[in-house]
Amino acid sequence: MSVPIPQPPRIPFIGNVASLDREVPINGFILLAKQYGEIYKLDLLGRTVISVNSYALANEVSNESKFKKVVGAALVQVRHLVGDGLFTAYNDEPNWAIAHRLLMPAFNTMSVRDMFEDMRDLCDQLLLKWERFGPENIIDPADDYTRVALDTIALCSMSYRLNSFYTNDQPKFAEAMTDFLKECFLRASRPSIVQAMMPGATAKFEEDKKFMTSVAERILNERRENPIDKKDLLNTMLLSKDPKTGQGLPDEAIINNLLTFLIAGHETSSGMMSFMTYYLIKNPETWRKLQNEVDEVTGGEPLQVQDLSKLNYLQAVMRETLRLAPTAPSRAVSPVEDVVLGGKYAVKAGAPIMMQAWTAQRDIAVWGDDANEFRPERMLDGKFEALPPNAWQPFGFGTRACIGRPFAWQEVQLIIASVAQKFDLFFDDPSYTLELQMGLTVKPKNLRIRAKRRDVSPRLYASPSSHLLQERTQKSTTQTTAPPVPVSGAKVPMYALYGSNTGTSEAFSQRIANNAPSFGFSPKLGTLDSITGSLPTDGPIVIVTASYEGQPADNAAKFVDWLSSLNADELKGVQFAIFGCGNSDWVKTYQRIPHLCDQVIEARGGERLLPIATGDSSKGNFFEVFDEFEAGLWKALTEKYSTTQSQSTSIGFEVTTVDTGASRAAALRQTDTAFGVVVENRILTKPGHPVKRHIEFELPEGLTYRAGDYLSILPQNPVRDVRRVLAYFSLSNEQMVVLSSVGPTSLPTDKPVSLYDILLGYVELSQPATTQDVRIMIDVSAPNSPAHTALEEMRTNYQEKILAPRLSVLDILEQYPKDSIKLSLGVFLKMLPPMRVRQYSISSSPLWNPQHATLTVSVLEEQALAGGDKVFLGVGSNYLSGLMKGDKVQMGVRASAVGFKLPEDPKVPILAYAAGSGLAPLRGFIQERAMQKSSGRDVAKILLFFGCRYEDGDYIYKEELQEWVKLGVLDMRPAFSREEDKSEGCRYIQDRLWKDKDEVTELFSKNAQSFICGSNKIAKGVIAKSVDILKTYHPNLTEEEASQRLEKIMQGRYATDVFD
């Protein structure tokens, strides 16, 4: 008995069109597969399409005796140009069969080998361009790979040169083809009545078609007039006869196939190479393995055709890339007769079925729980050959599969191996996460890279830790990478290097670089990745880096991988010092990366200038520890290099007033494309309770996320605090200034800017003053004044007087008359750390709305610890709290930790623990399971232990959670700390856990995964109580033994998102 094929709710007249992203439909198909499972159907403007998403169903429709190819809607549009060409022909068109028989031999392995030198010619043009422009140049790899792929197919198939690398802009033919294919893609989903109202688009479509056809006609005519003795594809079509029918191809069919070669021969190859570039840079160890293989096989000589068969790891990388990112993500078939798919879904003969390779090739039933991870090793040592039938088919299937596969394979091997041999590649934005764009095929969107020759010494560049920080000013990173002009006496080179995701380590490095000239050093600031391959020996290296759950920062991953690969004394002569940033809540991975760098650099010959220092961001003395490190650093460096310290406190940074503030500055932030829009901002808690807010954003175009990911927000200081600064320095909020700096700075320099804007969004005004800040204020305070005495006491009792009450520089200045601490505006700004990006767990699922994301935020507004009538305002939470509907917010998405994501299999049960706004990511998990359940999927329950104070005060999302309980996806176990009688006598989460330990144990025995989100105190409480539960089943275990056993059995089944 058949069962209905699930379908999303329809909208009258348009059906399910709104379920798909108009610009990138594949995103919609992916989310629908996650929601509905192995199969669903869509009504697209009255046309019903069935989508199959699992390996089992994909394998079933890969049977040419039962299913035939369907020319999809976009390809129907492409037929306006190429007619019955190989790729777009209908199954019964005779020219397809003739062309297929004629051209198959021309695309066999031996024939393609003969094209190798022509391929090398174009590959060398790509390499020369990247080499000529150098590592500062920002490369659009999709554009350059499109050029090389288009030129290669043109030269190899028809001996015609398009010369795409001879112009900055794309050649006219390439531009026309790009525009034509994009319009075909858009027309496929555009109602005919809408198309009829777009005469401009229609005229451009016809113009592009006419121009490309004229080029193909010219190539054909020139070959007839000037024949050449070369066995290329054009000659094959011109001169050969079909062995079966004895017929040749008419001119129209030859032209159709020439244009087909140019389209199909470049689109998929360029996309594949773009995705390979992304995955290789994102996975430094894989990139290094590939480079090592290429080096070993070639011995440093140019790649030869006989080398290709020896590049086994490269083949694995190619296969794994095409598994995760098939550039043709789907193909269409239809059953020859009525059929029952999977033994239960009835499908009529002729009904169009889309086989979604993008999802089928990630089926955990074939590829395992890490199916979404890039791991080329799964394609090695016979594993690829042992795959079940049709598990990997990015080139299509059967007689209508891609005829040019050997050509594309050799082309990509040559280009990527040559790039790996010659260059190290880096993301321009180290935090870049894959985004997609679609035309006829899929490619990465906004992927930008840098290429540095491997045989050239590293050239530092200081890319911001987050693209949000980069987009904040119009100043490019290349402007900040040049060495600052040394002040008098500064002549010893020094390298300030950082690995940072959120900006803290970057800010510390920037401070070291800013202070370096006053100690006699000429600093260069850069990311750790930018120094990969060789550490300089002509001056000290100071590294400030962080660990993120034991992993390096995005802009340090390649460096750490390279460093770990060293095995001799390669770093002899390197003199270094390291400061590590970390959070001790992550006990097992605390400071792993700083310690690894420290140990390996010394082990490989480096000289440690002073012991490694580490700061714990969960402790109040974080900045004080860095101050102590920096003081010790300058002492060690001045002694080692015999330099002296300048006594000026304003060295290297000046502020000049340029007018009275009668006009405003031009916007410093970038265009709206980087901004999300506030849709809703509402309070979740009742009056009289600490405020928690629900904020919904419409995401910037192209931005996608998964449940559990973070939303990175670049906040602004409270306007109250900005006004306090302006009032203290007696300045107008319209004041324009020019900032000048001889060292690297995150502030916009050498142009008029609004001081109000600087104070609002570029610096941290509420950060506790550091011991260095106190020393600077002492130096400019009036001797024997009350202010001087108080500052000396603050320095002596820093923890008690400053850290405990969280006094900022501004707080201290306001306590005393202005003439008692004569601090200039320039020195004040230099003392302030740059504004940091804040990360908040997303509290929604893209299955609810892929274009929208929500945050659940606790607003920090409380009595200042310093006492008095001052109120402390948390920068990030108060910025978010004040947002109104329609406000635009600079934002980005950052992936969650590897373990903190829902299992791919929705039948895996979940144990979840959260308190207060810690519910955020878990709400996204529950919402996702609810969407899947509502769509008919088999979903396991989530058992949620949730803590708050009052049932009717701060029990956030109570009604929504209750609806999910009724739906059957959630089992709630609340704990009310102020109303224990309402939570079965349980005050805290761990108390409720103990009470319900039997159910927890049963669920865990069913392979449940555990997630904890909230304060460190909550996480420790849950773990401690879990140890107690384990001991009830094993009373002979000691506390330590029980802890160790719990850790072992929780391996791979437990993840935390902890904050304080």
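This is a short dialogue on reading domains, an interface and a salt bridge in a predicted model.

Colleague: Into which domains is the protein divided?

Modeller: Start with the bounds, and check for a domain built from two segments. Here domain 1 takes residues 77-301 + 401-448, domain 2 takes 492-641, domain 3 takes 670-838 and domain 4 takes 899-1058.

Colleague: Where does UniProt place the feature "domain: Flavodoxin-like"?

Modeller: A record can be set beside the model. The unreviewed UniProt entry puts that feature at residues 494-634. In the model, this span is 33% helix and 26% strand, and its end C-alpha atoms are 12 Å apart.

Colleague: How many residues of domain 3 and domain 4 are in contact?

Modeller: Read an interface by residues, then area, then chemistry. Twelve residues of domain 3 contact 18 of domain 4, while the C-alpha centres of these domains are 38 Å apart. About 1,100 Å² is buried between domain 3 and domain 4, with carbon and sulfur atoms giving 58% of that area. On the domain 3 side, the residues touching domain 4 are four nonpolar, four polar and four charged.

Colleague: What is the count of salt bridges between domain 3 and domain 4?

Modeller: Zero. Polar contacts are a separate tally: four residue pairs across this interface, both residues at pLDDT 80 or more.

Colleague: How many salt bridges does the structure hold?

Modeller: The structure holds 71. One of them joins the side chains of Arg 101 and Asp 242, at 2.8 Å from N to O. Next, locate the partners in the chain. Arg 101 sits in helix α4 (residues 94-103), and Asp 242 in the loop between α11 (233-239) and α12 (251-282). The pair, 141 residues apart, links distant parts of the chain.

Key. Residues numbered from 1 in each chain as written. Predicted model: local features only at pLDDT ≥ 70, side-chain atom pairs only at ≥ 80, totals over all residues. Heavy atoms only, no water. Domains from an automatic or database assignment. Contact = heavy atoms within 4.5 Å. Buried area = accessible area lost by both parts, 1.4 Å probe. Salt bridge = Lys/Arg side-chain N within 4 Å of Asp/Glu carboxyl O. Polar contact = N/O pair within 3.5 Å; in protein donor to acceptor, adjacent residues only side chain to side chain. Nonpolar A, V, L, I, M, F, W, Y, C, P; charged D, E, K, R; others polar. UniProt positions renumbered as here; feature names shortened; annotations may be inferred. Helix = DSSP H or I, 4+ residues; strand = E, 2+ residues; numbered from the N terminus.
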